[in-house]
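Q: I should like to learn how to read the features of a structure such as this one, step by step. Where should one begin?

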Amino acid sequence: MRSALFSVVAAAMRSRAALLVVTASLCAPPGCGGSQSGGVVSYGDTARGNYEKGTRELKDENYPEALKYFSYVKSKFPFSGYATLAELRVADTYYAQDKFLEAIDAYKLFIKFHPTHPEVVNGYAWYQICRGYVEQIPSDWFLVPPSHEKDQAATRDALRELATFLKTFPESPYQEKGRLLYRKCLRKLADHELYVARFYLDRDKPKAAILRLETLLKRYPDAGADPEVMLLLGQTYLKLDQRGKARDTFASLVKKYPNDAYAAKAKLYLNFMSEQR
């Protein structure tokens, strides 16, 4: 009898303890305890104070905590200038977490609702959008095929955004960085076209390769691939016994890029063709 009574009392105590744990978790004020998405945060009384706490957490790579502070500033102090800045920092936090789609959406919303904000006028928000697109371009990794062999839709998207940025913000302090990214994207597209041209050559389709190479020279003149493309184009003309076009292409390569390694090879072809006359 005593054993049964003891079991009933123990079960009741366990149930009460469980209830207390659940109740405590439900009643805990937001931001005052740990959570699965982040650690403890302690909110201040001012928009500035909470915003600065958020920026410190962002700098220290404590992203869940940073988002909590920025979200608190937006909801608690909606008419403060720090609320606007918090919106931008939310986008920065997404970017820092490699959540590029979320970051792009957040930057675009910031531009839409705050078109005259200094961080929009100076091009920062749009430059970050461009960076978000660039980060989604397939990268090279030794265990997978090279990126230039893959679909280039992401590269074309990034190039489009960068072209818009460079045209819209010519005086932006991020202009030079934007131009570097633009050239990087151009080169990736040029490398892809080169890959396709070589693909055709490997399958004995030189005419298709020539079409690709000629289009590449016209479409991506600033990609930095011209010397390599021109040498391959001249070689392909020569393969088809189009000696005039081959000679003109090699000569143009030597004239435009006299110090390039591909120009040195073009000179050898020109000497060889002269000897064959």
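A: One begins with the order of elements. From the N terminus on, the protein chain runs α-α-α-α-α-α-α-α-α-α-α-α-α. This is a predicted model, and its secondary structure comes to 13 helices and zero strands.

Q: What share of the residues of the protein chain counts as buried, and what share of contacts joins residues at least 24 apart?

A: Of the 277 residues, 38% count as buried. Among contacts between residues at least 6 apart in sequence, 52% join residues at least 24 apart.

Q: How does one read a single helix, for instance H13?

A: One may start with its span. Helix H13 covers residues 261-275, 15 residues in total, and reaches 22 Å from its first C-alpha to its last, close to the 21 Å expected at 1.5 Å a residue.

Q: Which residues of H13 are buried, and which exposed residues does the face turned away from the buried side carry?

A: The general idea concerns periodicity: an α-helix has 3.6 residues a turn, so residues three or four places apart point the same way. In H13, the residues Ala 263, Ala 266, Leu 270 and Met 273 are buried. They lie on the same side of H13, because they cover an arc of only 70° around the axis. The face turned away from this buried side carries the exposed residues Ala 261, Leu 268 and Glu 275.

Q: What covers the buried residues of H13, and which residue caps its N-terminal end?

A: The cover includes helix H11 (226-239) and helix H12 (243-256). The cap is Asp 260, which places a side-chain oxygen 2.8 Å from the backbone nitrogen of Tyr 262.

Q: How many residues has the largest nonpolar core, and which have the most contacts inside it?

A: This core has 56 residues, and those with the most contacts inside it are Tyr 107, Val 134, Phe 165, Cys 185, Leu 213 and Phe 250. Its largest share, eight residues, comes from helix H9 (residues 175-202). A second, separate core of twelve residues includes Ala 47, Tyr 51, Phe 77 and Val 90.

Q: With which residues is Tyr 107 in contact, leaving aside its neighbours within four places in sequence?

A: The partners of Tyr 107 are Leu 88, Ala 91, Asp 92, Tyr 95, Tyr 124, Ala 125, Gln 128 and Ile 129. Tyr 107 also belongs to one aromatic cluster, together with Tyr 124, Tyr 127, Phe 165, Phe 169 and Tyr 174.

Q: How many aromatic pairs does the structure hold, and how should one read them?

A: The structure holds 13 aromatic pairs. For each pair one reads the distance between centres and the angle between planes. Tyr 51 and Phe 70 form a tilted pair, at 5.9 Å centre to centre with 50° between the planes. Tyr 51 lies in helix H2 (residues 47-59) and Phe 70 in helix H3 (residues 63-76), so this pair ties together parts that are 19 residues apart in sequence. Tyr 51 is buried, with a relative accessible area of 10%, and Phe 70 counts as buried at 0%.

Q: Is the pair of Tyr 127 and Tyr 174 stacked or tilted?

A: Tyr 127 and Tyr 174 are stacked, at 5.3 Å centre to centre and 15° between the planes. Since Tyr 127 lies in helix H7 (residues 124-135) and Tyr 174 in the loop between helix H8 (153-168) and H9, the pair ties together parts that are 47 residues apart in sequence. Tyr 127 counts as buried at 8% relative accessibility.

Key: Residues numbered from 1 in each chain as written. Predicted model: local features only at pLDDT ≥ 70, side-chain atom pairs only at ≥ 80, totals over all residues. Heavy atoms only, no water. Helix = DSSP H or I, 4+ residues; strand = E, 2+ residues; numbered from the N terminus. Expected span 1.5 Å × (residues − 1). Buried < 20%, exposed > 50% of the residue type's maximum accessible area, 1.4 Å probe, protein only. Arc of directions from axis to C-beta. Contact = heavy atoms within 4.5 Å. Polar contact = N/O pair within 3.5 Å; in protein donor to acceptor, adjacent residues only side chain to side chain. Core = buried A, V, L, I, M, F, W, Y, C linked by side-chain atoms within 4.5 Å. Phe/Tyr/Trp six-rings, centres within 6.5 Å; stacked < 30°, edge-to-face > 60°.
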